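User: I am new to this structure and would like a close look at a single part, namely the aromatic packing in one of the chains and what surrounds it. Please take me through it slowly.

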Amino acid sequence: MFFESLVVSAVLFAVGVAGVLLRRNAIVMFMCIELMLNAVNLSFVAISRYVGIEGQLFVIFVMTVAAAEAAVGLAIIISIFRHYESVDVRNFRLLRW
Amino acid sequence: MQIDFSNHLDYLWALLPETVLTAGAVLLLMYDGFSRREPTDSRAVGWGGLVVLAAAVVANIWLMGVEELGATGMVALDGYRIFTNFLFLGAAALVIFISFDYTSREGLTQGEFYALLLFAVVGMMLLAGSRDLILIFLGFELMSVAVYVLVGFNRRDPRSAEAALKYFLLGAFSSAFLLYGMAMLYGASGTTNLAEMRGLLDGASLSLIAMAGLALLVIGFGFKVSAVPFHVWTPDAYEGAPTPVTAFLAAAIKASAFAAFIRIFVVALGDLHEYWERLIWVLAALTMIVPNLIALVQDNIKRLLAYSSIAHAGYLLVALIAANESGMASFLFYLVAYTAMIVGAFAVVLVLAGKGDERQRLSDYAGLGWTHPWAAAVLSIFLVSLAGLPPTAGFVGKFYILRAAVEAGYIILPVILVVTTLISYWYYLRVIVAMYMKPSVADMGRVAWGGALRVALVVCAAITIYLGILPSWPLLKARQSVEGLAPVAEQVAEARP
C-alpha cells in the first residue's frame with residue numbers, strides 16, 4: 001500500500017503541475033496549486049503510517065495554510081478582475097511575463 | 001537562563017522576539033481598526049510599528065544570553081538565528097522609514113500596511129530560526145501570505161494587482177514543490193527535525209526518495225530565492241509592487257529564504273554535499289550569467305534593480321555551495337551589505353519616481369547630477385556598491401565570497417563571479433553616466449524628501465561605506481554567529497577530497 005499511495009500522490013502532483021503550466025485561467029491555475037498541496041498531503045499521511053505521527057501533524061498545518069492562502073489568493077484575483085474584467089492571464093500585459 | 005525544550009512552556013521564552021512582534025502587530029491592527037483612518041492615524045501605526053520592532057530587538061538581545069540544553073529543539077537558539085533576526089528587524093525598520101513618504105504620496109493610508117510588514121517579519125524570523133520542517137513551512141507561508149497582500153496593496157494601480165497575481169501564483173506553486181521535497185525527506189529519514197535528520201540520512205547509500213526530495217527542495221528554494229531558471233516572476237513582481245515593498249522583497253524576503261536554504265542544506269543535509277553540490281553549482285552559474293546579460297538592455301530602473309537583485313542571489317549561492325565556515329560568514333556579511341545598498345537604492349528611486357510612479361525610465365535620470373546633486377550622489381554610492389567597486393560594502397562582500405569559494409576548492413565558479421561582475425559594471429555605470437554626463441531632458445522640478453526617508457538613506461549609505469572601509473568587526477561577528485554550525489562545516493571539508 002505504501003508504494004501505491006506514493007505513486008498516486010506523485011501522479012496527482014504531476015496533474016497539478018501540468019495544470020498550472022498549461023491552463024491560462026487564474027482560478028483554474030489556483031485550483032491546480034491546491035491539487036498539488038493535497039497530493040503532498042496524501043504522501044505525508046501515507047508515510048506517517050510507517051514512521052510516526054509528525055506527518056499527520058504536518059497535514060493539519062498544510063490544510064490550515066492552504067485555507068489562508070485561498071482567502072488571500074481569491075481576494076487578489078477579485079482585485080485584478082476589477083481592473084481587467086477577466087481572469088485570463090494572457091490578458092495581463094502591463095508587465096511583461 | 002537555560003531553555004529546556006522538554007518543558008513546553010520554555011518555547012514561549014525561546015520565541016520571545018516573535019511573540020513580541022505578533023502581539024504588537026495585532027495591537028496595531030486593532031488600533032487601526034478603531035481609528036478614524038486618516039493619514040495621521042496611518043503614520044501613527046507606522047511609528048508604532050517601529051516601537052514594536054525596537055521591542056523585538058531588545059528581546060533578541062536578551063536571547064543572546066540564553067542557553068539551550070541539547071541542540072534538537074524545534075527552535076534553534078544559536079548565533080545564526082540571532083544574527084539573522086537582527087538583520088530582518090533592521091531591514092523592516094528601514095522599509096518602514098522609507099514608506100512614510102510613499103504611502104502619503106500614493107494615498108495608501110491604510111495602517112494595515114505596517115501591521116502586515118510586521119507579520120511578514122515574524123514569518124522570516126521563524127523561517128531562519130527553526131530546526132524543524134513544519135516550522136520552516138509555516139514560516140514561509142506566514143511570510144508569503146502577508147507579502148502577497150503587500151505586493152497588491154495599491155489596489156487602484158493595475159500594475160500592482162498584476163504583480164500580486166503573478167507573485168501569488170508562482171509563490172504558491174513553489175511552496176508546493178518545497179512541501180513535496182519536505183515530504184520526501186521526511187519519508188527518507190523518518191523525522192522532520194533537521195538536527196536528527198542529519199544523523200539518519202546516510203550519505204553513502206542514499207535512497208531514491210531522499211534524492212527526489214533534494215531535487216524538489218532545490219526547485220522550491222530556487223523559486224523562493226529567484227535563481228535562474230526559476231526567476232521569471234521576479235522582475236514583474238518587483239516592478240509592479242509599491243516601491244517600499246519592492247525594497248522589502250529584494251532585501252529581507254530574499255535574505256530569509258536564503259537563511260532557510262542554508263539551514264536545511266548546510267546543517268541538515270551537510271553530509272550529502274556531494275549530491276546537491278552539482279545542482280546548485282549549475283543554478284549559481286546561470287543565476288550569475290543570465291540576469292547580468294538581461295540587465296544590460298533594461299530601460300526601466302526598477303526592472304534593472306530587479307535583475308541586479310537576481311544576480312546577487314547568484315553570488316550568495318556561491319557562498320552557499322562553499323559550505324565552509326568562511327562561506328557562511330561571508331554569506332551573512334554579504335546579506336547585511338546587500339540589504340543596506342538595495343534598500344538605499346530603491347529609496348532614491350522611490351522618491352525620484354514622483355506621484356503615480358511616473359518617472360522610472362533611465363532617460364528621466366539624465367542630468368540628475370546637476371539638477372539634484374544630492375540624490376545623484378547617494379544613488380551613485382549604492383550603485384557603485386552593488387557593482388562591487390571599492391571602497392564599498394559590495395566589494396568587500398564579494399571578495400570574501402570569492403575567498404570562501406576558493407578555500408573550498410572551487411575554481412570555475414569564482415571565475416564566473418568575477419567575469420559577470422565585470423559585465424555588470426556596464427549597466428550600473430550606465431545609470432551614473434546618464435546622471436552626470438547627459439543633458440537633462442525634462443526637469444523634475446522639486447522633489448519632496450521626507451525626514452524619515454533622509455534618516456534611512458543616511459543609515460544605508462553609512463552602513464555601505466562603513467562595511468567597505470572597516471569590515472573586520474562585522475565579519476568577526478558574522479564568523480562568531482556561524483560557530484554553532486561549525487562542526488557541520490568541518491565535516492563537509494573532510495568529506496571533500
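Analyst: What follows begins with the chain as a whole, turns to its aromatic pairs and a covered helix, and ends with the pockets.

This is a predicted model, in which local features need pLDDT of at least 70 and side-chain atom pairs count only at pLDDT 80 or more, while totals for chains, interfaces and linings use all residues. Residues are numbered from 1 along each chain as its sequence is written, chains are lettered from A and ligands numbered from 1 in the order in which they are written, and side-chain values use heavy atoms, with hydrogens and water left out.

Chain B contains 21 helices and two strands, where helices (H or I, at least four residues) and strands (E, at least two) are DSSP runs numbered from the N terminus. The radius of gyration of chain B is 22 Å, close to the 23 Å that the globule rule gives for 497 residues, so chain B is as compact as a globular protein of that length; the radius is taken over C-alpha atoms, and the rule is 2.2 Å times the number of residues to the power 0.38. Of the 497 residues in chain B, 66% are buried, a term that means under 20% relative accessible area, with exposed over 50% and partly exposed in between (1.4 Å probe, protein chains only).

Over all chains, a search of the whole structure finds 32 aromatic pairs; rings of Phe, Tyr and Trp (its six-membered ring) pair if their centres lie within 6.5 Å, and planes under 30 degrees apart count as stacked, over 60 as edge-to-face and the rest as tilted. One of the pairs joins Phe173(B) and Phe223(B), whose ring centres are 5.9 Å apart and whose planes stand at 75 degrees, so the pair is edge-to-face. Because Phe173(B) lies in helix H7 (residues 158–189) of chain B and Phe223(B) in helix H9 (residues 208–224) of chain B, this pair ties together parts that are 50 residues apart in sequence. Phe173(B) counts as buried at 4% relative accessibility, and Phe223(B) is buried with a relative accessible area of 9%.

The rings of Phe261(B) and Phe265(B) have their centres 5.0 Å apart and their planes at 70 degrees, so this pair is edge-to-face. Both residues lie in helix H11 (residues 243–268) of chain B, four residues apart, about one turn of the helix. An α-helix has 3.6 residues a turn, so residues three or four places apart point the same way. Phe261(B) and Phe265(B) are both buried, and ring pairs link them into a cluster with Phe140(B), Phe221(B), Phe258(B), Trp276(B) and Phe331(B).

Helix H10 (residues 233–240) of chain B is mostly covered, with eight of its eight residues buried, among them Trp233(B) and Tyr238(B). What covers the buried residues of H10(B) includes H7, H9 and H11 of chain B, together with helix H6 (133–151) and helix H13 (301–322).

Finally, the largest pocket has a volume of about 780 Å³. Of the 27 residues that line the largest pocket, the closest to its centre are Phe83(B), Phe86(B), Leu87(B), Val336(B) and Trp473(B). On a 1 Å grid over the protein atoms alone, a pocket is an open set of points where a 1.4 Å probe fits, with protein on both sides within 12 Å along at least five of seven lines, and lining residues have an atom within 4 Å of a point; grid points are joined across faces, edges and corners, and a volume is the space filled by probe spheres set on the points. H4(B) gives the most to this lining, with ten residues.

Terms used. Contact = heavy atoms within 4.5 Å.
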